[in-house]
Amino acid sequence: MKDKNTVILGIESSCDETSVAVLCGNELLSNVISSQIEIHRRFGGVVPEIASRNHLTAILPVIDEALTKAGVSMDEIDYIAVTYGAGLVGALLVGVSAAKALSYALERPLYAVNHIEAHIAANYISTPDLKPPFLAVVASGGHTGVCRVDGINKFTMLASTTDDAIGEAFDKVARAVGLPYPGGPEIDKRAKLGTPSIKFVERKHKAELSYSGLKTAVINYLHTAEQRGQAIAIEDVCASFQQTAVDMLVDVAVNTVKKSGIKTVVAAGGVSANSYLRAKLKSECEALGCEVYFPPMSLCTDNAAMVAMRAKHMIEGGLPAAGLDLNAKSYLKI
Ligand code: KG4
Ligand code: ZN
């Protein structure tokens, strides 16, 4: 049974996780995540059409489970929130359609949430005292950069990758060395057993954020070694790639801290689960006198709790609700 606080039902289906959460005030009552990782693993990556079909079968049971776990009935929900972009259009459409149906049937306002803003908002759940201004280091499968957050609804991207996202690079490099999907956590594990002894790229500009060249350099290194019949030390490849990829983002974060003078830094997105990123960002930013916060692992990768929290701030800030003509968007900027 909910108390007098606002109850928000959040829905997330932008990639391969179907998730529904119930947020009551600042209290997370449930956050159910049904992952399709096992289904996509045998294809080496997410197959969009298969993702959509699996969201379709998962969405209603996941809604039921989230309500049951929260001990909240349908008519106790005050607002519906859903990720409408960025992501895979077919996957997003399942969440958006379910959210629109609930909003219409229950006569409750519908909030359309930007996925990356939601990843940043995950930090308000894990660090309830967090207040803007702060810098958010965004590291996900589709986005990479540093965002300045000046208010609960005020975001400015200060730096973004010029090509691939860091998570995409982790997944592609993992595939090239024969590790299963999703590659990020696999590289993280292997890197702990290796030494970062291979120099894949020459980094001339510390302010540059680009992953395509690094990814290609790793793939070329692997091909060359294969052609020459040389043994490949996968652990060293993982450690070297991971260090270069993460250092690039941490250097940009450090520059942004110095330029902005903002002393609070948070991390957001799936790659912020990376153990080396967590250690490096923390030590570099703390050396500059910053407080550094990370969401717990369960709130780093895709989940609906962050969607509900983002909607809470949209509601508090008086941002408009969406109409029933809401559509999914594959590309969406902050
Ligand atoms: O934020 P997310 O769940 O989905 C997007 O919004 O894209 O991020 C998924 C990405 C994947 O590329 C995955 O390999 C990566 O996060 N990831 C990691 C780790 N855990 C997940 N990358 C590096 N180290 C990890 N421990
Ligand atoms: Zn995500």
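1. In this predicted model, the rings of the aromatic residues form four aromatic pairs. One of them joins Tyr-79 and Tyr-111, with ring centres 6.0 Å apart. The planes of these two rings meet at 70°, which is over the 60 degrees required, so the pair is classed as edge-to-face. Tyr-79 belongs to strand β4, residues 79-85, and Tyr-111 to strand β5, residues 110-114. The two tyrosines are 32 residues apart, and their pair links distant parts of the chain.

2. Two cis peptide bonds deserve a look. One runs from Gly-85 to Ala-86, where omega is near -10°. Ala-86 is placed in the loop between β4 and α3, the latter covering residues 89-106. Another cis bond joins Pro-132 and Pro-133, with omega at about 5°. Here the loop is the one between α4 and β6 (134-139), and Pro-133 lies in it.

3. A backbone angle at Glu-107 should also be checked by eye. Its phi is near 55°, a positive value in a residue that is not glycine. Glu-107 is found in the loop between α3 and β5.

4. Next, the ligand site. Which pocket does ligand 1 take up? The space that ligand 1 fills is the largest pocket. Around ligand 1 there are 19 residues, and those that come nearest are His-119, Gly-141, Asp-171, Asp-188 and Gly-270.

5. The shell around ligand 1 is made up of five nonpolar, 11 polar and three charged residues. Three helices each supply at least two residues of this shell: α4 (115-126), α5 (166-176) and α6 (183-191).

6. Several polar contacts to ligand 1 involve aspartate side chains. In Asp-171, a side-chain N or O atom is 2.7 Å from an oxygen atom of ligand 1. For Asp-188, the partner is a nitrogen atom of ligand 1, at 3.0 Å from an N or O atom of the side chain. Asp-302 has a polar side-chain atom 3.2 Å from an oxygen atom of ligand 1. How much of the area that ligand 1 exposes when taken alone does the protein bury? Taken alone, ligand 1 exposes 560 Å², and the protein buries 89% of that.

7. For a reader opening the structure, the places to visit are the Tyr-79 and Tyr-111 pair, the cis bond from Gly-85 to Ala-86, the cis bond between Pro-132 and Pro-133, Glu-107 with its positive phi, and the pocket taken by ligand 1.

How values were computed. Residues are numbered from 1 along each chain as its sequence is written. Chains are lettered from A and ligands numbered from 1 in the order in which they are written. This is a predicted model: local features need pLDDT of at least 70, side-chain atom pairs count only at pLDDT 80 or more; totals for chains, interfaces and linings use all residues. Side-chain values use heavy atoms; hydrogens and water are left out. A residue is near a molecule or strand if one of its heavy atoms lies within 4 Å of it. A polar contact is a pair of N or O atoms within 3.5 Å; within protein, one must be able to donate a hydrogen and the other to accept it, and residues adjacent in sequence count only if both atoms are side-chain atoms. Accessible areas come from the Shrake-Rupley method with a 1.4 Å probe; for residues, only the protein chains shown count as cover. On a 1 Å grid over the protein atoms alone, a cavity is a set of points where a 1.4 Å probe fits but cannot get out, and a pocket is an open set with protein on both sides within 12 Å along at least five of seven lines; lining residues have an atom within 4 Å of a point. A molecule sits in a cavity or pocket if more than half of its atoms lie within 2 Å of its grid points. Helices (H or I, at least four residues) and strands (E, at least two) are DSSP runs, numbered from the N terminus. Ala, Val, Leu, Ile, Met, Phe, Trp, Tyr, Cys and Pro count as nonpolar, Asp, Glu, Lys and Arg as charged, and the others, Gly among them, as polar. Rings of Phe, Tyr and Trp (its six-membered ring) pair if their centres lie within 6.5 Å; planes under 30 degrees apart count as stacked, over 60 as edge-to-face and the rest as tilted.
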